[in-house]
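Student: Could you take me slowly through one part of this protein, beginning with the contacts of one residue, and then set that part beside the rest of the fold? I would like a connected account rather than a list.

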Amino acid sequence: GFKSAVLGLSGGIDSALTAVIAVEALGRENVHGVSLPSQFSSQGSLDDARILAAKLGIRYDVIPIQPAFASLRGELAGVFAGRPEDTTEENIQARLRGVILMALSNKFGALLLTTGNKSEVAVGYCTLYGDMCGGLAVINDLPKMMVYRLSRWINREREIIPSASITKPPSAELRPNQTDQDSLPPYEVLDAILEAFVVEGVSPQEIVARGFEKPVVERV
C-alpha cells in the first residue's frame with residue numbers, strides 16, 4: 001500500500017540509480033531524497049546529491065548526523081577508554097543514518113529504499129541496522145559493474161545522474177580518504193568471482209583455475 005518512498009542520497013552512484021528508478025516507478029512528487037552528511041562527507045558528494053535531486057525534481061532535505069555522532073561518541077567515551085577507533089565508529093554513523101531514515105519513513109508513511117548493490121551485499125560490505133535498513137532493496141541483484149552500465153545508459157541522451165557520481169572512486173565516506181577498494185578487490189574482479197561462485201556455482205578451485213589470484217578468491 002505504499003505510495004511514496006524515501007531514501008538516503010550520498011552523492012554516490014548506487015543511491016543515484018535507486019532514486020532514478022524510484023522516480024520512474026512512483027513519480028517525482030512521491031520520492032523524498034535525504035542527504036545525511038558527516039564530517040567525512042566530501043563537498044563533491046554533497047553537490048552531486050543536490051544536483052541529482054534537482055534534475056529529478058524530487059523533495060530534498062539535508063540532515064547532518066555530526067551532532068548526534070559527537071554526542072554518542074561522548075556517551076561511549078568512558079566505556080571505550082583505551083580502545084582505538086575502528087569500524088565501530090564507522091558503523092555508528094551508518095546506524096544513525098538508518099535511525100533518521102526510518103523516522104522519516106514512519107512519520108510520512110513512505111517506503112524506505114535501501115541502496116546496496118549485489119557486490120557489496122554478497123560480501124557483507126554494509127552495516128546491519130544501518131544502510132541495510134529499509135523495506136525494499138531496489139538494486140540488490142545488480143552487480144556493481146552493472147550499476148555503472150545502467151547509469152551510463154540512463155544518461156545516454158542527457159545527464160541525469162551527475163557524471164562525477166559515475167567516475168569518482170566509490171566510497172562509504174566513513175573515515176578520511178576512504179574508498180571501497182581499501183576493503184574490497186576491484187569491482188571488475190569481485191563481480192567476476194561472484195558471478196562464477198554465486199550464479200554459476202563454480203568451486204573456488206575452478207575460479208582460481210580461470211586465472212584469478214587464489215588469496216583474492218579465498219577472501220571473497
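**From one side chain to the sheet**

Tutor: Leaving aside residues up to four places away in sequence, Val 217 touches Ile 193, Pro 204, Ile 207, Val 208 and Phe 212. Please keep in mind throughout that this is a predicted model. Val 217 belongs to helix H10, and with a relative accessible area of 7% this residue is buried, since the cut-off for that word is under 20%. Val 189 stands 28 residues away from Val 217 in sequence, while the two C-alpha atoms are 9.4 Å apart in space.

The same helix also carries charged side chains. Helix H10 spans residues 214-219, and both Lys 214 and Glu 218 lie in it, four residues apart, which is about one turn of the helix. Their side chains meet in a salt bridge, with 3.9 Å from N to O. Whereas Val 217 is buried, Lys 214 and Glu 218 are both exposed, so this short helix holds a buried valine as well as an exposed charged pair.

That pair is one of eight salt bridges found in a search of the whole structure, and another of them joins Lys 144 to Asp 14, at 3.0 Å from N to O. Because Lys 144 lies in helix H6 (residues 144-154) and Asp 14 in helix H1 (residues 13-26), this pair ties together parts that are 130 residues apart in sequence. Here both partners, Lys 144 and Asp 14, are buried. Lys 144 has an aromatic neighbour too, for it lies over the face of Tyr 187, 5.4 Å from the ring centre.

A further salt bridge is made by the side chains of Asp 141 and Lys 118, at 3.3 Å from N to O. Asp 141 sits in the loop between S5 and H6, and Lys 118 sits in helix H5 (residues 118-122), so the contact links parts that are 23 residues apart in sequence. The two partners differ in their surroundings: Asp 141 counts as exposed at 59% relative accessibility, whereas Lys 118, with a relative accessible area of 21%, is partly exposed.

The loop that holds Asp 141 follows S5, and this brings us to the sheet. Five strands form an open sheet in the order S3-S2-S1-S4-S5, with parallel pairing. Strand S3 (59-62) and S5 stand at the edges, each with a single partner strand, and therefore one side of each is left without a neighbour in the sheet. Helix H4 (residues 87-108) packs on the sheet, where it touches S1, strand S2 (31-35), S3 and S4, and its direction makes about 170° with that of S1.

Strand S4 (residues 111-114) deserves a slower reading, since both of its faces are covered: Leu 111 and Leu 113 on one side, and Leu 112 and Thr 114 on the other, are all buried. S4 pairs with strand S1 (residues 5-8) in the parallel sense over two bridges, and Ala 5 stands opposite Leu 111 there. S4 also pairs with strand S5 (residues 136-137), again in the parallel sense and over two bridges, and in this pairing Thr 114 stands opposite Ala 137.

Charge and ring meet once more at Arg 59 and Phe 108, where the charged end of Arg 59 sits over the ring of Phe 108, 5.5 Å from its centre. As for aromatic rings pairing with each other, the count comes to zero.

Two exposed residues complete the picture. Lys 3, found in the segment before S1, is exposed, with a relative accessible area of 63%. Not counting residues up to four places away in sequence, Lys 3 touches Leu 26 and Asn 30, and Lys 3 and Leu 26, although 23 residues apart in sequence, have C-alpha atoms 7.1 Å apart in space. Tyr 129 lies in the loop between H5 and S5 and counts as exposed at 60% relative accessibility. The phi angle of Tyr 129 is near 65°, a positive value in a residue other than glycine.

Definitions and conventions: Residues numbered from 1 in each chain as written. Predicted model: local features only at pLDDT ≥ 70, side-chain atom pairs only at ≥ 80, totals over all residues. Heavy atoms only, no water. Phe/Tyr/Trp six-rings, centres within 6.5 Å; stacked < 30°, edge-to-face > 60°. Lys NZ or Arg CZ within 6 Å of the ring centre and 35° of its normal. Buried < 20%, exposed > 50% of the residue type's maximum accessible area, 1.4 Å probe, protein only. Pairing = 2+ DSSP bridges. Salt bridge = Lys/Arg side-chain N within 4 Å of Asp/Glu carboxyl O. Contact = heavy atoms within 4.5 Å. Axes fitted to C-alpha atoms, helices over the stretch in contact; angles between N-to-C directions.
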